[in-house]
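Below are some numbered comments on the structure, set out for a colleague's reading. They take up charged pairs, a buried serine and the nonpolar core in turn.

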Amino acid sequence: MFRLLLIGTMLSCFAGLSKYNSAEAAGKITRRAERLEEIRIDGAAGFSVSQLEMETGKFYRLRITSDGKDEYYFAATDFFNSVWFDQIVINSLEIKPTGIYGLEFDDQGSIDLFFVPIKPGTYTFSVPTLTESGFTGQIIVH
């Protein structure tokens, strides 16, 4: 009798928890990405954008474009570690990553990042070897 009572109690507890485990977003969050201002890397002028602002839980697309005048390593490791990536698109090819720590441009071209910011904060992006020349900016996530 005790076993039946214990099993019944456990089942009712798990049944009560199931409503929390099956929670879903009101809509498909990755249906349409909000486009952020493109970051263009210009070897003579630096970044076209020095600050971006966004909100946690929203779906965004960020295009980063290199002029190809030099090789550039775009670093934003802390930011990249605080987002969920849906995909990265390069030359119409999609990558489904679990995470990245930087992007390297060897030639002229664009990379599109599709993501949802998870963690609020202020993050730095840069070309580490050119920070003294103004190749640095901030991403603010509210």
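1. Glu55 and Lys58 form a salt bridge in which the closest N and O atoms are 3.7 Å apart; the coordinates, it should be said at once, come from a predicted model. Glu55 is partly exposed, at a relative accessible area of 40%, and Lys58 is likewise classed as partly exposed, with a value of 33%. The pair does not stand alone, since Glu34, Glu55 and Lys58 are linked in a network of salt bridges.

2. Asp112 is joined to Arg63 by a salt bridge whose closest N and O atoms are 2.7 Å apart. This pair links distant parts of the chain, with Asp112 in strand β10 (residues 109-117) and Arg63 in strand β5, 49 residues apart. The two partners fall into separate accessibility classes: Asp112 is buried, with a relative accessible area of 10%, because buried is taken as under 20%, whereas Arg63, at 29%, counts as partly exposed.

3. A further salt bridge connects Asp42 with Lys69, and here the closest N and O atoms are 3.9 Å apart. Asp42 belongs to strand β2 (residues 39-42) while Lys69 sits in the loop between β5 (60-66) and β6 (72-75), so the pair ties together parts that are 27 residues apart in sequence. Asp42 has a relative accessibility of 28% and is therefore partly exposed, while Lys69, with 60%, counts as exposed. The count of salt bridges in the model comes to seven, and the Asp42 to Lys69 pair is one that meets the cut-off of 4 Å.

4. Ser66 is also found in strand β5, and this residue is buried, with a relative accessible area of 1%. A polar atom of the Ser66 side chain lies 3.1 Å from the backbone nitrogen of Gly68. When neighbours within four places in sequence are left aside, Ser66 is in contact with Ile41, Tyr72, Phe105, Asp107, Gln108 and Gly109.

5. Turning to the nonpolar interior, the largest nonpolar core has 30 residues, and those with the most contacts inside it are Phe74, Phe79, Leu113 and Phe115. For Phe79, the contacts beyond its neighbours within four places in sequence are with Met54, Phe115, Tyr123, Ile139 and Val141. Phe115 thus appears in both lists, as a residue with the most contacts inside the core and as a contact of Phe79.

Terms used: Residues are numbered from 1 along each chain as its sequence is written. This is a predicted model: local features need pLDDT of at least 70, side-chain atom pairs count only at pLDDT 80 or more; totals for chains, interfaces and linings use all residues. Side-chain values use heavy atoms; hydrogens and water are left out. A nonpolar core is a set of buried Ala, Val, Leu, Ile, Met, Phe, Trp, Tyr and Cys residues joined through side-chain atoms within 4.5 Å. Buried means under 20% relative accessible area, exposed over 50%, partly exposed in between (1.4 Å probe, protein chains only). Contact means heavy atoms within 4.5 Å. A salt bridge is a side-chain nitrogen of Lys or Arg within 4 Å of a carboxyl oxygen of Asp or Glu. Helices (H or I, at least four residues) and strands (E, at least two) are DSSP runs, numbered from the N terminus. A polar contact is a pair of N or O atoms within 3.5 Å; within protein, one must be able to donate a hydrogen and the other to accept it, and residues adjacent in sequence count only if both atoms are side-chain atoms.
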